[in-house]
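Please find below a short note on the model, set out as numbered points. It goes from one residue outward to the rest of the chain.

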Amino acid sequence: MSTQNDYQRCLQKLATAPPKGKAALVRSLLPGIEAALTSGQTLKDIWQALETEGLQVSYHTFQMAVWRARRKRTATSGWEKQDRTSEPQGLWQVGVDAVEERDPLANLRRLEENRPGFQWRGTQKLQSLVHGTGDSNDKNKR
């Protein structure tokens with residue numbers, strides 16, 4: 001019967017083996033690809049460099065695999081809270097607080113306040129509009 005150490009050794013061996021699929025290979029290379037992109041290289045230059053090293057995949061397939069891997073990573077990081085050990089804790093906490101305090105309608109409110117020209121905002125209550133009851137907004141009754 002296998003022990004836990006045997007299982008761990010098996011999993012480590014699988015993790016060190018190169019991926020079988022081309023898309024999985026591109027996903028495993030994604031941190032290096034993004035580092036090259038941030039340093040100013042184009043995706044086509046990266047693909048050509050990898051092709052000279054033996055990567056046998058068309059540019060379109062490579063580009064789509066990179067696009068999907070980046071999209072999937074950003075989608076999951078946006079919805080799930082992941083451990084961010086690379087970032088300082090203080091900066092990450094400020095980012096979370098800023099998102100929680102953010103008012104999604106603040107931009108619209110600011111535009112509404114600064115809108116030029118005449119603005120009429122109805123002040124009648126729903127009861128008077130629907131049922132004909134309640135106070136009216138005539139100037140004579142103010």
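1. In which helix is the place of Glu 34? Glu 34 belongs to helix H2. The model is a predicted one, and the points that follow should be read with that in mind. With a relative accessibility of 18%, Glu 34 falls under the 20% limit and therefore counts as buried.

2. What does Glu 34 touch, leaving out residues up to four places away in sequence? The contacts are Arg 70 and Arg 73. With Arg 70, Glu 34 forms a salt bridge in which the closest N and O atoms are 3.0 Å apart. This pair links distant parts of the chain, since Glu 34 sits in helix H2 (residues 22-38) and Arg 70 in helix H4 (residues 59-79), 36 residues apart. Arg 70 itself is partly exposed, at a relative accessible area of 37%, whereas Glu 34 is buried. A further C-alpha separation for Glu 34 is the one to Val 66, which is 32 residues away along the chain and 9.3 Å away in space.

3. Arg 73, the other contact of Glu 34, also needs a word. Arg 73 lies in helix H4 and is partly exposed, with 37% relative accessibility. Leaving out residues up to four places away in sequence, Arg 73 touches Leu 30 and Glu 34. From Arg 73 to Arg 27 the C-alpha distance is 9.8 Å, with the two positions 46 residues apart in sequence numbering.

4. How many salt bridges does the count come to? The count is two. Besides the pair of Glu 34 and Arg 70, there is a salt bridge between the side chains of Asp 6 and Arg 9, at 3.1 Å from N to O. Asp 6 and Arg 9 are three residues apart in helix H1 (residues 4-16), so about one helical turn separates them. Asp 6 is partly exposed, at 29% relative accessibility. As background, side chains of opposite charge can pair when their charged atoms come close.

5. The nonpolar core comes next. The largest one holds 12 residues in all: Val 26, Leu 30, Ile 33, Leu 43, Ile 46, Trp 47, Leu 55, Val 57, Phe 62, Ala 65, Val 66 and Ala 69. Helices H2, H3 and H4 each supply at least two residues of this core. H4 gives the largest share, with four residues.

6. Which residues of helix H3 (residues 43-52) are buried? They are Leu 43, Ile 46 and Trp 47. Because these residues cover an arc of only 100° around the axis, they lie on the same side of H3. Leu 43, Ile 46 and Trp 47 are also among the members of the largest nonpolar core. Just after H3, Gly 54 has a positive phi of about 115°.

7. Two of the buried H3 residues can be followed through their contacts. Leu 43, in helix H3, is buried at 16% relative accessibility. Leaving aside neighbours within four places in sequence, Leu 43 is in contact with Ile 33, Leu 37, Tyr 59, Phe 62, Gln 63 and Val 66. The C-alpha atoms of Leu 43 and Phe 62 are separated by 9.0 Å, and the two residues are 19 apart along the chain. With residues up to four places away again not counted, Ile 46 touches Ile 33, Ala 36, Leu 37, Gln 41 and Phe 62.

8. On the surface, Leu 105, Leu 108 and Leu 111 make a nonpolar patch of about 290 Å². Leu 105 is in the loop between helix H5 (89-101) and helix H6 (106-113). At 42% relative accessibility, Leu 105 counts as partly exposed.

9. Some totals for the protein close the note. There are seven helices and zero strands, and along the sequence the pattern reads α-α-α-α-α-α-α. Of the 142 residues, 10% are buried. The accessible surface is about 12600 Å², and carbon and sulfur atoms account for 54% of this area. Among contacts between residues at least 6 apart in sequence, 35% join residues at least 24 apart.

Definitions and conventions. Residues numbered from 1 in each chain as written. Predicted model: local features only at pLDDT ≥ 70, side-chain atom pairs only at ≥ 80, totals over all residues. Heavy atoms only, no water. Salt bridge = Lys/Arg side-chain N within 4 Å of Asp/Glu carboxyl O. Buried < 20%, exposed > 50% of the residue type's maximum accessible area, 1.4 Å probe, protein only. Arc of directions from axis to C-beta. Contact = heavy atoms within 4.5 Å. Areas by Shrake-Rupley, 256 points an atom, 1.4 Å probe, with all protein chains shown as cover. Core = buried A, V, L, I, M, F, W, Y, C linked by side-chain atoms within 4.5 Å. Patch = residues over 30% accessible without salt bridge, like charges linked within 9 Å, V, L, I, M, F, W, Y side chains within 5 Å.
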